[in-house]
Amino acid sequence: MEEPKQLSVSAIENGTVIDHIPAKNLFKVIQILGLDRFDNQITFGTNLESKKLGKKAIIKIAGKFFEDADINRIALVAPDAKLNIIRDYEVVEKKVVEVPDFITGIAKCMNPKCITNYEQVKTRFRVVSKKNVALKCHYCEKITTQENLQII
Ligand code: CTP
Ligand code: ZN
């Protein structure tokens, strides 16, 4: 089958296009990046066809270029995300996201007795496995895996 040639969401002049987000995690990505607090022009499309993901989502943020450390925070919910850096309507760089070694906030510790679940303490984890994500809690040392990963 031939690829559709038109863009599902308008092209941008400058900024970042985050492609290949699993559609079900679009709003988690928006939340992790704090896009609801941005003044930039942002467009997104969701439930777009993707051979790899089934349904994918895409976010285009005009005039914004992220630091790697900030963008890598989305790797937990969008491990296959592709970043396209756009300048003067051209894709000048493509990047992939990488699961960071340490994660603060974002994820909930799966241990109900963990201090982070009953006091105002921000979660902190060391990433012990990146492929099938496994997070070791800095406080209780219990492992939270992909299957019971909950985004705060
Ligand atoms: N894009 C955009 N504005 C531009 C240029 C590109 O919004 N001025 C978007 C495209 O819509 C696409 C992404 O940036 O979603 C990547 O563009 P491009 O590399 O041209 O597309 P593909 O070759 O389809 O990318 P890939 O196969 O690497 O996902
Ligand atoms: Zn814990």
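Donors to a metal are taken here as N, O and S atoms within 2.8 Å of it, and in this predicted model the donor residues of the zinc ion (ligand 2) follow the sequence spacing C-x4-C-x22-C-x2-C. The coordinating atoms are the SG atoms of C109, C114, C137 and C140, which lie at 2.3 to 2.4 Å from the metal. Because the angles subtended by the four donor atoms range from 98 to 116 degrees, the arrangement around the zinc ion (ligand 2) is tetrahedral, the criterion being that all angles lie between 85 and 135 degrees. For reference, the ideal angle for four tetrahedral donors is 109.5 degrees. Of the donor residues, C114 is placed in the loop between β6 and β7, whereas C137 belongs to strand β8 (residues 134–137), so that this pair ties together parts of the protein that are 23 residues apart in sequence. With burial set at under 20% relative accessible area, C114 is buried at a value of 1%, and C137 is likewise counted as buried at 2%.

The protein as a whole contains two helices and nine strands, and its elements follow one another from the N terminus in the order β-α-β-β-α-β-β-β-β-β-β. Along its principal axes, the C-alpha trace spans about 50 × 35 × 20 Å. Of the 152 residues in the protein, 39% are buried. Among the contacts between residues at least 6 apart in sequence, 58% join residues that are at least 24 apart.

Two domains are assigned, domain 1 covering residues 15–96 and domain 2 covering residues 102–151. Their centres, taken over C-alpha atoms, are separated by 24 Å, and the contact between the domains draws on six residues from domain 1 and nine residues from domain 2.

One open sheet is built from five strands in the order β2-β3-β1-β4-β5, with antiparallel pairing. The edges of this sheet are formed by β2 (42–50) and β5 (90–96), each of which pairs on one side only, and neighbouring strands are turned against each other by 20 degrees on average, direction ignored. Within this sheet, β4 and β5 are joined in the antiparallel sense over six bridges, and R87 is found opposite E90 of β5. The loop between α2 (68–71) and β4 (82–87) contains N72, a residue that counts as buried at 15% relative accessibility. When neighbours within four places in sequence are left aside, the contacts of N72 are with V97, E98 and P100.

A further open sheet comprises four strands in the order β6-β7-β8-β9, again with antiparallel pairing. Because β6 (102–104) and β9 (143–145) stand at its edges with a single partner strand each, one side of each of these strands is left without a neighbour in the sheet. Between neighbouring strands the average turn in this sheet is 35 degrees, direction ignored.

The pairing within the four-stranded sheet can be followed strand by strand. β6 is paired with strand β7 (residues 124–129) in the antiparallel sense over three bridges; in this pairing, I103 stands opposite F125 of β7, and T104 stands opposite R124 of β7. On to the next strand, β7 and β8 run antiparallel and are joined by four bridges, and together they form a hairpin in which four residues lie between the two strands. One of the residue pairs that link them consists of V127 and its bridge partner in β8, L135. Strand β7 also includes S129, which is partly exposed, with a relative accessible area of 25%. The C-alpha atoms of S129 and T145 are 8.9 Å apart in space, while the two residues are 16 residues apart in sequence.

Taken together, the zinc site and the four-stranded sheet are linked through residues already described: C137, one of the coordinating residues, lies in β8, and β8 in turn forms the hairpin with β7.

Conventions. Residues are numbered from 1 along each chain as its sequence is written. Chains are lettered from A and ligands numbered from 1 in the order in which they are written. This is a predicted model: local features need pLDDT of at least 70, side-chain atom pairs count only at pLDDT 80 or more; totals for chains, interfaces and linings use all residues. Side-chain values use heavy atoms; hydrogens and water are left out. Two strands pair if DSSP finds at least two bridges between them. Axes are lines fitted to C-alpha atoms, for helices over the stretch in contact, and angles run from 0 to 180 degrees between N-to-C directions. Donors are N, O and S atoms within 2.8 Å of the metal (3.2 Å for Na, K and Ca); water is not among the atoms, so sites may look incomplete. Four donors count as tetrahedral if all angles lie between 85 and 135 degrees; four count as square planar and six as octahedral if opposite donors are over 155 degrees apart and all others between 65 and 115; anything else is irregular. Buried means under 20% relative accessible area, exposed over 50%, partly exposed in between (1.4 Å probe, protein chains only). Domain bounds come from an automatic or database domain assignment. Contact means heavy atoms within 4.5 Å.
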